[in-house]
Amino acid sequence: MDKIVIGVFGKINSGKSTLVNSLAKENVSIVSSVRGSTSDNVFRMTEIDGIGRVQLIDTAGYDDKGELAEDRLKRVEKAFCSADLAIFVCGERLDSLDMFWLDKCKLDGKKYLVCHNITGYKNDLGCNNESIADGNNEIVIDASDINQVELVVKKIKQHFSANKNDFLNGLVKQGDTILLCVPQDEGAPTGRLILPQSITIREIVDKGADSIVASKANFAKTYQKFKTQVNLVITDSSVFDFVYEIVGNETAITSFSVLFAKYNGDIDTFIEGANSLENLQDGDKVLIMEACSHTLSHKDIGSVLLPQLIKQYTKKQVAFEFLRGMDEPSDWSQYKLVVHCGGCTQNRQYILSKINKCKQNNVQITNYGVLIAKIKGILDKIVY
């Protein structure tokens, strides 16, 4: 399910794009001796055997002093925040600017790898290439040599060799039967399940459990038919109350978004954020953030359903703002509450960076599913 996000950072013309191209085994980024060839973040999905999906981010040089330097550095910062692993490409020695970014990794507890990119450097991969400093986090390579780049791949695998977290968080075991409610209304994509639903089904299959999928229209009938066998109900958050009225306390219930809140974020922080609804006052600003961009409908959960529910619950004249994709506010402190989607298209670091920025600005943050459960009065009845 997971994708690992690897950001490649360094100064202008340090060899970042060369390394990204070598890792992707195709010409993803422009390689040129002209300063600032990479002026914006370049994203590329690839696959690393034994690791799975990897998103590479080639970034602009963090020593950029051009006309758009400030905007470019903001994008470098975004890539840094979302990266599970930061690879720094530099020359023979690290200078104070390289150390500034390296120290940010150490301060944040972020995984990192320093690659001294020395053109023409000869390395026999049949021999042990001892790290020249800091344990296994610093190596010497020629980024244009695909064979040497295999050493970088080896280091990446070492960083992510640990077993992955359990998305279903112990809620599902082999032999269980899981009933999923997937509304197929006007807000649903044509011809496919949304990503959280398909991810959850795959995780259930991998657990050796059985999944039964029902639309909202067929859910009551399906539940009555299988309820003695069903161990857990997972629903779309938009119909939390509808499903709970049918299931009650007979069967454990949660939602796709709540599962992602636990797996991709900080469930305790999200619950605290949901409970802060009680403190909203007239004129307060609420920011609703969605990690992916899509065409909006009149039943869209983020831009339509959530504002309606919040207004009905608080009885306050709250102002709403919306951001999608990688966009972030210039001033987080202007908001009383941030409501974020489950982040199924992003990684855990991406969501945690949003949580940290809210905490730094004394702003409450919650998640779609957690907030809806709070509003519907069933937050204390769901499992996660």
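Colleague: Just after α10, what phi does K315 take?
Modeller: In this predicted model, K315 has a positive phi of about 60°, and this residue comes just after α10.

Colleague: Which residues of α10 are called buried?
Modeller: The buried residues of α10 are I301, G302, L305, L306, P307, L309, I310 and T314. Each of them is called buried because the term covers a relative accessible area under 20%.

Colleague: What do the buried residues of α10 pack against?
Modeller: They pack against two strands, β11 and β12, together with β13 (337–340) and the helix α12 (368–375).

Colleague: Where else does phi take a positive value in a residue other than glycine?
Modeller: N13 is one such residue, with phi near 65°. N13 sits in the loop that runs between β1 (3–10) and α1 (16–24). N169 is another residue that is not a glycine, and its positive phi is about 55°. The loop that holds N169 lies between α4 (146–159) and β7.

Colleague: Why is N13 called partly exposed?
Modeller: The relative accessible area of N13 is 41%. Buried means under 20% and exposed means over 50%, so a value in between is called partly exposed. N13 therefore counts as partly exposed.

Colleague: What makes N169 count as partly exposed?
Modeller: N169 has a relative accessibility of 32%. This value is neither under 20% nor over 50%, so N169 counts as partly exposed.

Colleague: How do you know whether F80 is buried or exposed?
Modeller: The relative accessible area of F80 is 1%. The cut-off for a buried residue is under 20%, so F80 is buried. F80 belongs to helix α2.

Colleague: Which residues does F80 touch, not counting residues up to four places away in sequence?
Modeller: F80 touches F9, A86, F88, W101, K104, C105, D108 and K110. Each counts as a contact because it has heavy atoms within 4.5 Å of F80. F9 stands 71 residues from F80 along the chain, and the C-alpha atoms of the two are separated by 8.3 Å.

Colleague: How many disulfides does the structure hold?
Modeller: The structure holds zero disulfides. C90 is an example of a cysteine in no disulfide, since the nearest cysteine sulfur, that of C115, is 8.0 Å away and a disulfide needs the two sulfur atoms within 2.5 Å. C90 is buried, with a relative accessible area of 5%.

Colleague: Which residues of helix α6 are buried?
Modeller: In α6 (residues 216–226), the buried residues are F219, T222 and Y223.

Colleague: How do you know that the buried residues of α6 line one face of the helix?
Modeller: Seen down the axis of α6, they fall within an arc of 100°, so they line one face. The face turned away from that buried side carries A217, K221 and K225, which are exposed. The cover over the buried residues of α6 includes β7 (177–181), β8 (210–214), β9 (232–235) and α7 (240–247).

Colleague: How many cavities of 30 Å³ or more does the structure hold?
Modeller: There are two. The largest has a volume of about 40 Å³, and the second largest has a volume of about 30 Å³.

Colleague: What makes up the lining of the largest cavity?
Modeller: Its lining consists of K78, C81, S82, M326, E328, Y350, S353, K354 and K357. A residue is called lining because it has an atom within 4 Å of a point of the cavity. By class, three of the lining residues are nonpolar, two are polar and four are charged. Helix α11 gives the most to this lining, with four residues.

Colleague: Which residues line the second largest cavity?
Modeller: I288, E290, G302, S303, F322, L323, R324 and Y368 line the second largest cavity. β11 (285–290), α10 (301–314) and β12 (319–324) each supply at least two residues of this lining. The largest share comes from β12, with three residues. By class, this lining has four nonpolar, two polar and two charged residues.

Colleague: What is the secondary structure of the protein chain as a whole?
Modeller: The chain comes to twelve helices and 14 strands. Of its 384 residues, 52% count as buried.

Technical notes:
Residues numbered from 1 in each chain as written. Predicted model: local features only at pLDDT ≥ 70, side-chain atom pairs only at ≥ 80, totals over all residues. Heavy atoms only, no water. 1 Å grid on protein atoms, 1.4 Å probe; cavity = no way out; pocket = protein on both sides within 12 Å on 5 of 7 lines; lining within 4 Å. Points joined across faces, edges and corners; volume = space filled by probe spheres on them. Nonpolar A, V, L, I, M, F, W, Y, C, P; charged D, E, K, R; others polar. Buried < 20%, exposed > 50% of the residue type's maximum accessible area, 1.4 Å probe, protein only. Arc of directions from axis to C-beta.
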